[in-house]
Amino acid sequence: MSKNILVCVAWPYVNSEPHLGHIAGMNVPADIFARYHRMVGNRVAMVSGSDMHGTPTALRAVDEGVRPEDIAFRYHEIWADCMEQMGFSYDLYTHTHTKIHEDVAQDVLLTLDKHGYIYEDTQLMPYSESEQRFLSDRFVEGICPACGYDGARGDQCDDCGRTLDPTDLIEIRSIRDGSTPVFKETTHLMIKLSAFQELLEKWVADKNEWRPNVRNQTIGFLNEGLHDRAMTRDIEWGVPVPKHRFEGYDKKRIYVWFEAVIGYFSATKAWAINSADEDDWQEFWHKPDAESYYFQGKDNIPFHTVLWPAMLMGYGGLNLPTDVVANEYLNLDGQGFSSSRNWAVWLPDYLERYEVDPLRYYLASIMPETSDSDFTWEGFLAANNNVLVATLGNFIHRTLTITTRNFDGKVPAPGDLGVQDQEVLDACSQTLDDVATSIETRRFRRALYQAMELARLGNRYLDAEEPWQTVKSNPDKAATTLWTALNVISTLRTVFYPFIPFSSDKIHNLLGFDGETASDGWRTRAVEPGAPLPKPRPLFRKLEPEIVEQERERLLAQQTGNP
C-alpha cells in the first residue's frame, strides 16, 4: 500500500553561493531517499528553499550597503539554479520571503498564543552604542561557556552544537566592529519550551532507530532542562509580528529560529496550492500513518528534535518527525569548509567544469553519516576513473559492444540457463532488496556499495564466461551470457537511479527502453529477445590526473584573491 512520505531538507542561509559542504549532508541523501520512494510507488513531497531572513543575509547587506532583499534574492536564484542542475528532485524549492510563509508563520505564533504557550517578558540583550541598535544572534560572538570555543555566536556554538543566548557568551563582542556591547532591557515574546519537557522526553524515549549522534545530542539537550526562549528579535528584516494581537512590535520580527522551521509546513501548503488539490498538504501533516524525514547537518539537530517538535505539539494536530537524518560535516582536504576564508569548492564553479553524476556519486560514497569525512580531488578523480569508468561504465559498455557487434544490434535470445547465469540473476533480485533496505533505513553509503557490488559481479561474470570467445564456438552460450548481462544492466540502472539519475536514464536508453528509468519502478525490467539496441557509447568520461593539481592551485588562488 502506498505511503505518504514528506522529505524536508534544511533551509540554507542565502548570503553566499552554495559549496559542496552545503549539499553533501542534506540535499544528496534527501534526494536519494525521495527518488527511491517515488520508484517504489509512495507519494512523496520533497520541500525546502532559501532561509531569506537569516542574520548572515542581513550582515552581508550591511557590508554591501544594500537591502537584505537584494542579497537574499540574488543568492536564492543561484541556489535554486544549482539545485536544478544537480537534479535534486524537489516538489517545491521556495523561500521564506513569501506571503504564504508569512501567513503560516503568523498562524503558528497565534495558535501557540491561543493555547497559552506565548507570553511577554523583558530581557537583557546586547546593544551597540557605536551603531545605536540591539545586536541579535549572529551580530555578536564570544567564547562558548560549554566548550570554550572562541567564535560561538549569540544563538549557537558551531563547535559543540549547544544553543545559546547572547547573555551566555563570555567576552562578547560585536561581529561588526569588535566593540563590547552593553546589555539593555528589551521586551520580547517568549515561547514556553519548559512546558514540553516531559512530552518530549516521552516522545524521544523510543526513537531507537535514530542515528546515535541525533539521539544522544537530543537526550543531552533535554537532560539540561528546557528553558523558555525568545521568539522575536530586535531587527526589521523578517516576518512581522501580527499587529492585531501584539502592540509595540513594529521594529521587531519573528525570530528566524522559530520562523525558518515553519518553512517545511508552509512549503508543503504552497506545493499543494500549486497542484490540483490545495488541501493535499493534509495527507502529509495530518494523516497518522504519514512519515516525515528531516535531512540536516549536525549543527541543526536540537532545532529539529526539540524546538520544532515542541512547536508542533503546542500547535496540535500535526505529525511529529519520523526521523531527523543528521549528518556530520564534510571537510575539504582535512579542513572545514569556510565561506569567509574562501576554503570551498563552490558548486557553480564545479558545474561549469564537470558533470553532475560523478559528484553525486562521490559525495554519496563519502557521505558523513557517522563521522566527519573529507572531500579531496584525488578521491574525486579515483571515484570517477577507477569506479564509474572502470567498473560500472566498463561492464555496461563492453556488454553492449559485444552484443551489438555479434547479434545484429539486437538483444539475443537466451538458451538454457546454467548455474552461473542463474546465480547472477538471483544476485540482481537480492541487490534490489538489499539496496532498498539500506535506503529505507537511511544507510546511503551502504546502499551505494551494494549497488556497485553488482557491477563488480557483472565484470567477474563476463571475465569468467568470455562471451567474446564463446560466440565463435558456442553462439547459444554466448547469447545466454549476454542476455543475462543485459538483465544485470537493467537492474543497475534501477539501483543506481537514486544516486546518479542522469546516468541511469542514459543506461535506460542504451538498453532501448522507452520512457524513463523511474517509470519502471523498483524492479529489473527484463530485456526482450530481438529488441533493437542503440549504438553503444561510453557512459562516463575519464578525467586526466592533472585536474588534481589544477584544482589545488585554483583553491589556493581563491584564498589569495587571485583566481
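Okay, let's start with a network: Arg-493, Asp-514, Asp-520, Arg-523 and Arg-525 are linked together by salt bridges. Before I go on, keep in mind that this is a predicted model.

Let me pull one pair out of that network. Arg-493 and Asp-520 make a salt bridge, and their closest N and O atoms sit 3.0 Å apart. Arg-493 belongs to helix H18, residues 475-496, while Asp-520 is in the loop between helix H19 (501-510) and helix H20 (546-560), so this contact ties together parts that are 27 residues apart in sequence. Buried or exposed, what are Arg-493 and Asp-520? Arg-493 is buried, and Asp-520 is too.

As a reminder, side chains of opposite charge can pair when their charged atoms come close. How many salt bridges does the count come to? The answer is 30 salt bridges.

Another one I'd like you to look at is Arg-43 with Asp-280, where the side chains meet at 2.6 Å, N to O. Why does this pair tie together parts that are 237 residues apart in sequence? Because Arg-43 is in strand S2, residues 43-50, and Asp-280 is over in the loop between helix H9 (263-274) and helix H10 (282-285). The two ends have their own accessibilities: Arg-43 is partly exposed, with a relative accessible area of 33%, whereas Asp-280 is buried at 12%. The cut-off for buried is under 20%, so Asp-280 falls on the buried side of it.

Then there's Lys-207 and Asp-206, whose side chains also meet in a salt bridge, 3.2 Å from N to O. Lys-207 comes out at 11% relative accessibility and counts as buried.

Right, on to the aromatics. The count here is 27 aromatic pairs. Take Tyr-264 and Tyr-294: they pair edge-to-face, 5.0 Å centre to centre, with 90 degrees between the planes. Tyr-264 is in helix H9 and Tyr-294 is in strand S13, residues 291-297, so that pair ties together parts 30 residues apart in sequence. Both Tyr-264 and Tyr-294 are buried.

Next up is Trp-377 with Phe-380, edge-to-face as well, at 5.3 Å centre to centre and 85 degrees between the planes. Here the pair stays within one helix: both residues lie in H14, residues 377-406, three residues apart, about one turn of the helix. Trp-377 and Phe-380 are both buried. And they have company, in that Tyr-350, Tyr-354, Tyr-362 and Phe-375 join Trp-377 and Phe-380 in one aromatic cluster.

Now a bit of sheet. In what order do the four strands of the open sheet come? The order is S5-S4-S9-S10, with antiparallel pairing. At the edges you have strand S5, residues 133-134, and strand S10, residues 229-230, each of which pairs on one side only. Between S4 (residues 118-128) and S9 (residues 182-191), which run antiparallel, there are ten bridges. If you want a residue to click on, Thr-122 has Thr-187 in S9 as its bridge partner.

S5 also takes us to a pocket. Probing is handy here: rolling a probe the size of a water molecule over the atoms shows where empty space is left. The second largest pocket holds about 420 Å³ of space. Its lining has 17 residues, and the ones nearest the centre are Arg-133, Phe-134, Asp-234, Ile-235 and Glu-236. Helix H3 (55-64) and S5 each supply at least two lining residues. Which element gives the most to that lining? H3 does, with three residues. In terms of chemistry, the lining divides into ten nonpolar, two polar and five charged residues.

Last stop, the backbone. Most residues other than glycine have a negative phi. Two residues here are worth a look in that light. Asn-342 is not a glycine, yet its phi is positive, about 60 degrees. You'll find Asn-342 in the loop between strand S16 (335-336) and helix H12 (347-353), and it is partly exposed, with a relative accessible area of 23%.

The other is Glu-466, also not a glycine, with a positive phi of about 45 degrees. Where does Glu-466 lie? In the loop between helix H16 (444-465) and helix H17 (467-473). Glu-466 counts as partly exposed too, at 36% relative accessibility.

That's my tour, so over to you.

How values were computed
Residues numbered from 1 in each chain as written. Predicted model: local features only at pLDDT ≥ 70, side-chain atom pairs only at ≥ 80, totals over all residues. Heavy atoms only, no water. Salt bridge = Lys/Arg side-chain N within 4 Å of Asp/Glu carboxyl O. Buried < 20%, exposed > 50% of the residue type's maximum accessible area, 1.4 Å probe, protein only. Pairing = 2+ DSSP bridges. 1 Å grid on protein atoms, 1.4 Å probe; cavity = no way out; pocket = protein on both sides within 12 Å on 5 of 7 lines; lining within 4 Å. Points joined across faces, edges and corners; volume = space filled by probe spheres on them. Nonpolar A, V, L, I, M, F, W, Y, C, P; charged D, E, K, R; others polar. Phe/Tyr/Trp six-rings, centres within 6.5 Å; stacked < 30°, edge-to-face > 60°.
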